[in-house]
Amino acid sequence: MDQQGFVKLAIVAIGLVIFSFFVRGFGQLVVGRGVAENLQAPFALIGFGLVVYLFVRATLDYVGFWEIEGADR
């Protein structure tokens, strides 16, 4: 993974987490709270999983185990 790919993936991850809040908010207005939480869950879990992956990947790059190409220090 190069530096641009890392940044794009980070933007997608943050976007998914924010989108999950919108899905829950508007879903509560349309279909009710329980269904809205079920609709939100996949977006929130995938986004959070990507954030965790990116954190681990950046930590491993900082330590020197798994380099992100193009990252300047």
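In this predicted model, the buried residues of helix H1 are Phe6, Ala13, Ser20, Val23 and Gly27. Helix H1 runs over residues 3-30, and part of what covers its buried residues is helix H2. The length of H1 can be checked with simple reasoning: at 1.5 Å a residue, its 28 residues should span 40 Å, and the end C-alpha atoms are indeed 40 Å apart, so the two values agree. Just after H1 comes glycine 32, which takes a positive phi of about 105 degrees.

The second helix, H2, covers residues 33-63. With 31 residues, H2 reaches 43 Å from its first C-alpha to its last, close to the 45 Å expected at 1.5 Å a residue. H2 is not straight throughout: a bend of about 35 degrees is found at alanine 41, and a proline, proline 42, follows within four residues. The chain just after H2 echoes a feature already met, as glycine 64 takes a positive phi of about 105 degrees.

Like H1, H2 has its own set of buried residues, namely Ala36, Gln40, Gly47, Leu50, Leu54, Arg57 and Asp61. This list holds charged and polar side chains, among them Gln40, Arg57 and Asp61. The cover over the buried residues of H2 includes H1, just as the cover over those of H1 includes H2.

Two residues help to show how the helices meet. Serine 20 sits in helix H1 and has a relative accessibility of 1%, which is why serine 20 counts as buried. Once its neighbours within four places in sequence are set aside, serine 20 is in contact with Gln40, Phe43 and Ala44. From the other side, glutamine 40 belongs to helix H2. Glutamine 40 is also buried, because its relative accessible area is 11%, below the cut-off of 20%. With its neighbours within four places left aside, the contacts of glutamine 40 are Ser20, Phe21, Val23 and Arg24. Serine 20 and glutamine 40 therefore appear in each other's contact lists, and both count as buried.

One of the contacts of glutamine 40, Phe21, tells another story. Phenylalanine 21 is part of helix H1, but its relative accessibility is 57%, so phenylalanine 21 counts as exposed. Its C-alpha atom is separated by 16 Å from that of leucine 50, a residue 29 places away along the chain. Leucine 50, for its part, is listed with the buried residues of H2.

Charged side chains also take part in the picture. The count of salt bridges comes to two. In one of them, the side chains of glutamate 37 and arginine 24 meet at 3.0 Å, N to O. This pair links distant parts of the chain, with glutamate 37 in helix H2 and arginine 24 in helix H1, 13 residues apart. Glutamate 37 also forms a salt bridge with arginine 33, where the closest N and O atoms are 3.3 Å apart. Arginine 33 and glutamate 37 are four residues apart in helix H2, so about one helical turn separates them. Arg24, Arg33 and Glu37 are thus linked in a network of salt bridges.

The members of this network differ in how open they are to the surroundings. Arginine 33 counts as exposed because its relative accessibility is 56%. Glutamate 37, at 31%, counts as partly exposed, and arginine 24, at 24%, is likewise partly exposed.

Finally, the surface carries a nonpolar patch made of Ile14, Ile18, Phe19, Phe22, Phe26, Leu29, Val30, Val31, Val35, Leu39, Phe43 and Val51. Together these residues have about 1200 Å² of accessible area. H1 and H2 each supply at least two residues of the patch, and H1 gives the most, with seven. Phe43 is a member of the patch and is also one of the contacts of serine 20. Another member, valine 51, has its place in helix H2. Its relative accessibility is 32%, so valine 51 counts as partly exposed.

Key
Residues are numbered from 1 along each chain as its sequence is written. This is a predicted model: local features need pLDDT of at least 70, side-chain atom pairs count only at pLDDT 80 or more; totals for chains, interfaces and linings use all residues. Side-chain values use heavy atoms; hydrogens and water are left out. Patches are made of residues with over 30% relative accessible area and no salt bridge: like charges are joined within 9 Å, nonpolar side chains (Val, Leu, Ile, Met, Phe, Trp, Tyr) within 5 Å. Accessible areas come from the Shrake-Rupley method with a 1.4 Å probe; for residues, only the protein chains shown count as cover. A salt bridge is a side-chain nitrogen of Lys or Arg within 4 Å of a carboxyl oxygen of Asp or Glu. Buried means under 20% relative accessible area, exposed over 50%, partly exposed in between (1.4 Å probe, protein chains only). The expected span of a helix is 1.5 Å times one less than its number of residues. The bend at a residue is the angle between axes fitted to the seven residues ending there and the seven starting there. Contact means heavy atoms within 4.5 Å.
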